[in-house]
Structures are given as structure tokens and as C-alpha cells.
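User: I am new to reading protein structures. Please take me through this one in short steps.

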Amino acid sequence: MHLGTISSLTLPADNGTWSVTLVASAKDKALRRLSDAAIWERAVRSLPLVAHWLDGQPIDDRVMAMAGIEDRHRNLMIDGAPVVTGVVAAGDAWACSNPTVGRGASIGMLQAVLLRDTIAATGLDDPWEFACSFHHATAEMVEPWYRDTLAADRHRLAEIDALIGGGEYRPGDPGWEIGQAFGAAAAKDPDCLRGFLTVAMVLGRAADVVARPGLLDKVIALGGGWRDEPLPAPSRAGLLSIVAGDEERIGESRNGRGGHRVRRDRSGPAGAPVAWVPRLGTAVAPSGPGPGPRRVPGHRP
Ligand SMILES: Cc1cc2nc3c(=O)[nH]c(=O)nc-3n(C[C@H](O)[C@H](O)[C@H](O)COP(=O)(O)OP(=O)(O)OC[C@H]3O[C@@H](n4cnc5c(N)ncnc54)[C@H](O)[C@@H]3O)c2cc1C
């Protein structure tokens, strides 16, 4: 859930555990203090739709930070010729992006099925032919999902930049605007929710889903005013004051003298939220000035 300059993720897991995540841009230095458990907890408690996820026994007293994840696309076909035969790149070995959108396993499975189909259709007797077939099939059937994810991430980062600067994000991209409206409409209408989840779960691409009879009209009618809807989160100024406050406690917890509100419970995993803070800006390519994605021969981010 995007909540201004942060996003939240609440993920059920096994053995009665779950995790609560706040996602921020790597460029947002003010929010790096969220890696302090006390500050992180205050921030989560300020989110009315998320706060109740803190009701449980923590299994760790730290906030686990995750950063430095890159967008990567490994292309084994350069200038129309395979750079290698007898080996394919699939799943994350082929392409990976932002783990917080939870699409990597699904995209990897799509490609695994495609690999099976390509083997069935082309056979393995001609390694060159097979490499070319799998490359083209991947580019046609799987790469659009990666590109969609990348585009959404870059919009999100640019939106965060605009909101940090006190402005509004208006990229003039109708696809992005409809995507935002889709998200708002999904909370109000079951057809819109089903359509939204179809896209999120990698079952159908947005352009195909909104082409369902009547759906786009509903999305626009119910979600077109998404910018005017109240955000269930503090304002940017409110968030900054939450992050900046209580200097003494922050200092104590950094010095290992306590002050964390998240307790260690070694008795078992039941009901234990794991707190971790991946930073979106390092999970995807920077959208503005700054270092671009790592360039590696054969990689096309
Ligand atoms: C924090 C996080 C959360 C995520 N959440 C989601 C989610 O909710 N939903 C979702 O769909 N995706 C999610 N993803 C993405 C998803 O995990 C990956 O896209 C998916 O696991 C990729 O599958 P894979 O088989 O290609 O690679 P991997 O799952 O990385 O498997 C590669 C395997 O190869 C092994 N290996 C590596 N080198 C060698 C070697 N030399 N010899 C032998 N074995 C080797 C590794 O140990 C590993 O077991 C998340 C990713 C991260 C990092």
C-alpha cells in the first residue's frame, strides 16, 4: 500500500508469523532512522490500516533493513545472435526487479512453463535454434511483465521524489493515471478489486484487464478522484516529526542500552511479526540523476 512517501507491506507467513515492512526511497535520507526499532514502531503505529499488525510477540528486537537490490535483465542474445548455447537464463537469473511487489516467483514460473513449451515445440537437437526460440518467446511472453514492473517502480520513485519536494506527481502518462484510479476503485467495487488483483498476481496485464466490458468506466467513475482521497497515513511533515522525535531514546537504543519497543521472544515463532525495511530506491533503478543501474555486458536493465 502506497502511503505518500512510504509504502507498507504486511505479509502473513508460516507457523503463525507475519512481517510488517515499511518501504522508502534510498534517496530519502531522513527516513533512514526507520531502522531504529522504536522509531519504526512509532511510524507503523501512525498508520491506521497497519498499526494492528503490531499486535503480536516479536521474534527479533531489530528492524531488518534490506537494500542494494538491483534491477537486472540478462539478455543472452546480442545483435540477433546467442552469446551462448546449451544454457538458458530463467527466473531471477534472467531478470529481477523490486521484490516488494511480490511478482518474481510468478514471472519465474511463467518463464519455466515457457521453457517447457519451447523444448516441446523446438526440441534440443539444434542448440542455436533452441536458444533463439527461447529468447524470442521470452521477449514476447514474459519480458512485458518485467517491463511493466520496472515502469511502475520508476513512476513510484519519481512520485516519491515529487512528494518529498512538496509537489504533486503528474507524469502525463495515462497508463499510470489509470493504474492509480484502478487501485482506488479496487477498494470500492468487487469487479475492480478482482481486476486489480488479476494484475497484481500476474494473471493478466493491466491493458487487457481494463478492456473487460464496463471495467474502465467503473475504474474512472470510482477511482478517478484518487488524488482527492484522504491518505490513511500522516502527512510528510507528520512522518518527518515522527522520525525526528525522541532523540534520547533513539540514542539509547543505538548504543545498545535498551529503549527498543520490540522485544525478543525466544519461546517460539507463534504470532511474531518480523520487522524489516527494504528501501525501494535501491531495489529499483534510480529514476532521476544519479548512478544508473549496473551495466554488465549482456545485461539490459
Ligand atoms: C525479500 C524478497 C521477497 C520476495 N517476495 C516475493 C513474493 O512475495 N512473491 C514473489 O513472487 N516473489 C518474491 N520475491 C522474488 C522471488 O523470491 C524470486 O523472484 C524467485 O525466488 C526467483 O526464483 P529463482 O528460482 O529464479 O531463483 P532463486 O529462488 O534465487 O533460486 C536460485 C537457487 O540457486 C542456488 N544457486 C545459486 N548459485 C548456485 C550454484 N553455483 N550452484 C548451485 N546452486 C546455486 C541458490 O542457492 C538458490 O537456491 C522476493 C524476493 C526477495 C529477495
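User: How many helices and strands are there in the protein?
Analyst: This is a predicted model. The protein has both kinds of element, and the count is 11 helices and nine strands.

User: What percentage of the residues of the protein count as buried?
Analyst: A residue is buried if 20 or more other C-beta atoms lie within 10 Å of its own. The protein has 301 residues, and the share that count as buried is 28%.

User: Among contacts between residues at least 6 apart in sequence, what percentage join residues at least 24 apart?
Analyst: Take the contacts between residues at least 6 apart in sequence. The part of them that joins residues at least 24 apart is 72%.

User: Which helix gives the most to the shell around the ligand?
Analyst: The ligand is surrounded by residues including Gly 91, Asp 92, Cys 96 and Pro 99. Gly 104, Ala 105, Ser 106 and Gly 108 are also among them. One helix, residues 104-122, gives four residues to the shell, the most of any: helix H2.

User: How do the residues of the shell around the ligand divide by class?
Analyst: Glycine counts as polar here. Gly 91, Gly 102, Gly 104 and Gly 108 all belong to the shell. The full division is four nonpolar, five polar and two charged.

User: Is Ile 107 buried or exposed?
Analyst: Ile 107 lies in helix H2. Leaving aside neighbours within four places in sequence, Ile 107 is in contact with Val 142, Trp 145, Tyr 146 and Val 202. The cut-off for a buried residue is 20 or more other C-beta atoms within 10 Å. Ile 107 has 22, so it is buried.

User: What separates the C-alpha atoms of Ile 107 and Val 202?
Analyst: Along the chain, Ile 107 and Val 202 are 95 residues apart. In space, their C-alpha atoms are separated by 7.2 Å.

User: Are H1 and H9 roughly parallel or roughly antiparallel to each other?
Analyst: The axes of helix H1 (residues 37-45) and helix H9 (residues 236-244) come within 9 Å and cross at roughly 150°. Angles over 145 degrees count as roughly antiparallel. H1 and H9 are therefore roughly antiparallel.

User: Which residues of H9 make the contact with H1?
Analyst: H1 passes H9 in a right-handed crossing. From H1, the contact uses Ile 39, Arg 42 and Ala 43. From H9, it uses Leu 239, Ile 242 and Val 243.

User: What does Ile 242 count as: buried, partly exposed or exposed?
Analyst: Ile 242 sits in helix H9. Not counting residues up to four places away in sequence, Ile 242 touches Arg 42, Ala 43, Ser 46 and Pro 234. A buried residue needs 20 or more C-beta neighbours, and an exposed one has 12 or fewer. Ile 242 has 19 inside 10 Å, so it counts as partly exposed.

User: How is H6 placed relative to H8?
Analyst: The axes of helix H6 (residues 190-200) and helix H8 (residues 215-223) come within 10 Å and cross at roughly 105°. Angles of 65 to 115 degrees count as roughly perpendicular. That makes the placing of H6 relative to H8 roughly perpendicular.

User: What is the phi of Asn 15?
Analyst: Asn 15 is in the loop between strand E2 (6-12) and strand E3 (18-24). With 10 C-beta neighbours inside 10 Å, Asn 15 counts as exposed. Although Asn 15 is not a glycine, its phi is positive, at about 50°.

Conventions. Residues numbered from 1 in each chain as written. Predicted model: local features only at pLDDT ≥ 70, side-chain atom pairs only at ≥ 80, totals over all residues. Near = placed C-beta within 6 Å. Helix = DSSP H or I, 4+ residues; strand = E, 2+ residues; numbered from the N terminus. Axes fitted to C-alpha atoms, helices over the stretch in contact; angles between N-to-C directions. Parallel < 35°, antiparallel > 145°, perpendicular 65-115°, else oblique. Left-handed = near helix turned anticlockwise from the far one by under 90°. Contact = placed C-beta atoms within 7 Å.
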